[in-house]
There are 2 protein chains.
Amino acid sequence: MELFFLGTGSGVPSKERNVSALALQMLQERQSTWLFDCGESTQHQILRTNIRPRRIEKIFITHLHGDHIYGLPGLLSSRSFQGGETPCTIYGPKGLKEYVVTALRVSGTRLPYPLEIIEVAEGVIYEDEGLLVESIRLEHGLESFGYIIQEKDQPGELLPERLKAAGISPGPIYQKIKQNEATELSDGRVIQRDDFIGPSKRGRKLAILGDTRYLESLADDLKHADILVHEATFAGADEQLAYAYFHSTTRQAAQLAKLADAKQLIISHISSRYQGEEAEELLREAREIFPNTVIAHDFYEHPVPANK
Amino acid sequence: MELFFLGTGSGVPSKERNVSALALQMLQERQSTWLFDCGESTQHQILRTNIRPRRIEKIFITHLHGDHIYGLPGLLSSRSFQGGETPCTIYGPKGLKEYVVTALRVSGTRLPYPLEIIEVAEGVIYEDEGLLVESIRLEHGLESFGYIIQEKDQPGELLPERLKAAGISPGPIYQKIKQNEATELSDGRVIQRDDFIGPSKRGRKLAILGDTRYLESLADDLKHADILVHEATFAGADEQLAYAYFHSTTRQAAQLAKLADAKQLIISHISSRYQGEEAEELLREAREIFPNTVIAHDFYEHPVPANK
Ligand SMILES: [Zn+2]
Ligand SMILES: [Zn+2]
């Protein structure tokens with residue numbers, strides 16, 4: 001698992017930062033990539049990476065502002081040019097479907113793969129064997145969501161030493177023992193998995209938030225997130241501006257990470273008003289409150305290591 | 001007057017060529033820029049030029065394929081971020097209005113300047129004191145237009161030698177003589193402008209065509225164009241492919257320029273299948289038929305000098 005920041009600017013593209021897009025690469029886990037937001041030129045950013053559009057399985061849109069969606073029709077089209085035939089699902093606020101369907105229809109675009117567009121409310125929006133995705137409501141000029149990606153806990157590793165000590169030799173039986181709570185051996189013994197397996201691995205929890213005002217009440221939902229991606233459109237001193245424009249400051253992002261007892265904060269959605277030294281100052285401000293903070297830049301890759 | 005190619009690729013963006021957009025800079029003539037097509041990331045290309053989005057007065061869309069329109073909503077939004085308050089008018093095929101209006105509405109975008117969207121048919125679509133724009137119908141998978149920009153002939157320069165010889169001294173009267181067919185002098189004489197003015201300057205004629213099959217019948221409309229911008233999506237040998245996909249080859253573009261007796265052909269809309277040496281071969285093919293051909297690349301600038 002790895003986060004790959006494709007666009008880390010706010011509002012309009014600049015030479016330094018494109019508008020919002022973030023890829024969650026899960027190539028080992030499920031041979032797929034999930035995308036969060038898709039501002040204009042996201043497909044152009046992707047051209048400069050090793051991300052393959054046809055591997056993009058799901059796209060989560062936090063809100064419908066242009067800097068978060070104007071790259072969608074183009075990406076969906078290019079996905080087919082590049083041989084994408086597997087289904088793609090897009091999640092996002094009400095209005096998303098009308099936007100995408102109109103753009104594709106008017107431009108005479110027929111996709112060769114199944115496209116599903118799901119307009120979400122708050123709650124669990126997706127679940128499979130390995131992952132659960134929940135949307136939480138934020139506070140922005142228009143409906144905006146955060147997405148919490150919760151990896152399910154993984155059973156621990158078999159303990160071969162202990163199995164051998166019990167006279168159980170390696171073979172297909174090991175797989176059976178791992179997959180079932182109790183297993184009957186060929187000699188008639190019934191053994192419990194718990195006696196032969198290490199501690200289970202806690203699944204990773206990622207929280208990727210759209211544009212929002214500071215919302216203390218989110219701390220519960222974000223509790224113990226391994227990674228929190230939070231916007232920081234304004235510097236710490238500009239709290240009033242941030243409030244007026246429905247955005248957050250560096251310090252507010254850090255404060256929320258602290259309240260939630262997150263492991264790692266990544267701030268993004270950085271305004272082009274902050275350049276060079278000023279952008280570094282944004283990071284310093286956040287670290288004063290939450291030391292384990294990084295500031296994203298375009299093409300920044302952040303690994304998400306498995307929990308022990 | 002100058003043509004500035006912003007995107008010269010076809011279908012999908014590549015690292016070398018972005019999707020279609022072409023700026024006609026008329027800074028000296030009318031302090032404005034006209035844009036022809038607006039593929040995704042056109043505003044990003046513009047960031048790397050001296051073109052100012054707020055100077056973009058008119059946008060002409062040849063057809064509604066995604067690679068020609070997906071950059072529109074973003075450009076219109078950024079135009080306002082960058083202080084654009086003057087009106088903007090977009091011309092294009094039926095469906096354009098629904099596309100733009102939906103994208104802006106769904107994304108909650110309110111433009112601070114008047115935006116007019118005019119869905120065109122064949123014929124004169126715009127005229128003012130200096131320019132006339134005509135749309136001509138092409139043959140593509142969906143409705144596609146070419147735009148002919150005809151600059152009106154300019155009256156010639158006053159001939160001061162001849163005026164002085166007639167005993168007319170320099171002063172405000174010169175301006176009056178230039179502006180009127182006949183002028184009465186203070187001494188009662190009535191003089192004819194034609195006797196004191198050089199030959200009028202022929203207005204420039206530019207033809208900027210959208211995607212199309214080879215259409216010999218266009219030669220009349222394109223007659224004596226100073227510049228013809230024509231797509232060349234395929235190499236000369238791929239005539240059948242070009243026909244099947246509603247596109248043209250290098251040789252067909254050149255053939256049309258020759259039939260129309262154009263002064264200059266610029267081929268664009270180049271497929272990413274042709275790289276380096278192969279792209280040069282495209283140019284050679286066209287030049288065999290129409291020597292005065294250039295092949296556009298992203299950020300290629302082509303001056304359009306005034307006629308003598
Ligand atoms: Zn935003
Ligand atoms: Zn095209």
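A residue is taken as buried when its relative accessible area is under 20% and as exposed when that area is over 50%. In this predicted model, A:His269 counts as buried, with a relative accessibility of 5%. A:His269 is located in the loop of chain A that runs between β14 and α10.

The contacts of A:His269 involve several separate stretches of the sequence. Leaving aside residues up to four places away, A:His269 touches A:Thr8, A:Gly9, A:Ser10, A:Gly11, A:Ser20, A:Asp67, A:His68, A:Asp211, A:Glu231, A:Ala232, A:Thr233 and A:His247. With one of these residues, A:His68, a side-chain polar contact of 3.4 Å is formed.

A:His68 belongs to helix α3 of chain A, which comprises residues 66-69. The relative accessible area of A:His68 is 1%, so this residue is also buried under the 20% cut-off. Apart from residues up to four places away in sequence, A:His68 is in contact with A:Ser20, A:Asp37, A:Cys38, A:Gly39, A:Ile61, A:Thr62, A:His63, A:Asp211 and A:His269. A:Ser20 and A:Asp211 thus appear among the contacts of A:His68 and among those of A:His269.

Both histidines carry an annotation. The UniProt record, an unreviewed entry, assigns the feature "binding site" to A:Asp67, A:His68, A:Asp211 and A:His269. These positions are spread over 203 residues of sequence, yet they cluster in space, with a largest C-alpha distance of 10.8 Å.

The loop that holds A:His269 leads to helix α10. Helix α10 of chain A consists of 13 residues, 277-289, and at 1.5 Å a residue it should span 18 Å; the C-alpha atoms at its ends are 19 Å apart, in agreement with that expectation. Its buried residues are A:Ala279, A:Leu282, A:Leu283, A:Glu285 and A:Ala286. Because they cover an arc of only 155 degrees around the axis, they lie on the same side of α10(A). An α-helix has 3.6 residues a turn, so residues three or four places apart point the same way. The buried residues of α10(A) pack against α9 (250-259), β14 (265-268) and β15 (293-295) of chain A. On the face turned away from the buried side, α10(A) carries the exposed residues A:Glu277 and A:Glu288.

At the level of the whole chain, the domain assignment divides chain A into domain 1, formed by 2-154 + 201-303, and domain 2, formed by 160-195. The centres of domain 1 and domain 2 of chain A, taken over C-alpha atoms, are separated by 44 Å.

Key:
Residues are numbered from 1 along each chain as its sequence is written. Chains are lettered from A and ligands numbered from 1 in the order in which they are written. This is a predicted model: local features need pLDDT of at least 70, side-chain atom pairs count only at pLDDT 80 or more; totals for chains, interfaces and linings use all residues. Side-chain values use heavy atoms; hydrogens and water are left out. Helices (H or I, at least four residues) and strands (E, at least two) are DSSP runs, numbered from the N terminus. The expected span of a helix is 1.5 Å times one less than its number of residues. Buried means under 20% relative accessible area, exposed over 50%, partly exposed in between (1.4 Å probe, protein chains only). The arc is that of the directions from the helix axis to the C-beta atoms. Contact means heavy atoms within 4.5 Å. UniProt positions are given in the numbering used here, feature names are shortened, and annotations may be inferred rather than shown by experiment. A polar contact is a pair of N or O atoms within 3.5 Å; within protein, one must be able to donate a hydrogen and the other to accept it, and residues adjacent in sequence count only if both atoms are side-chain atoms. Domain bounds come from an automatic or database domain assignment.
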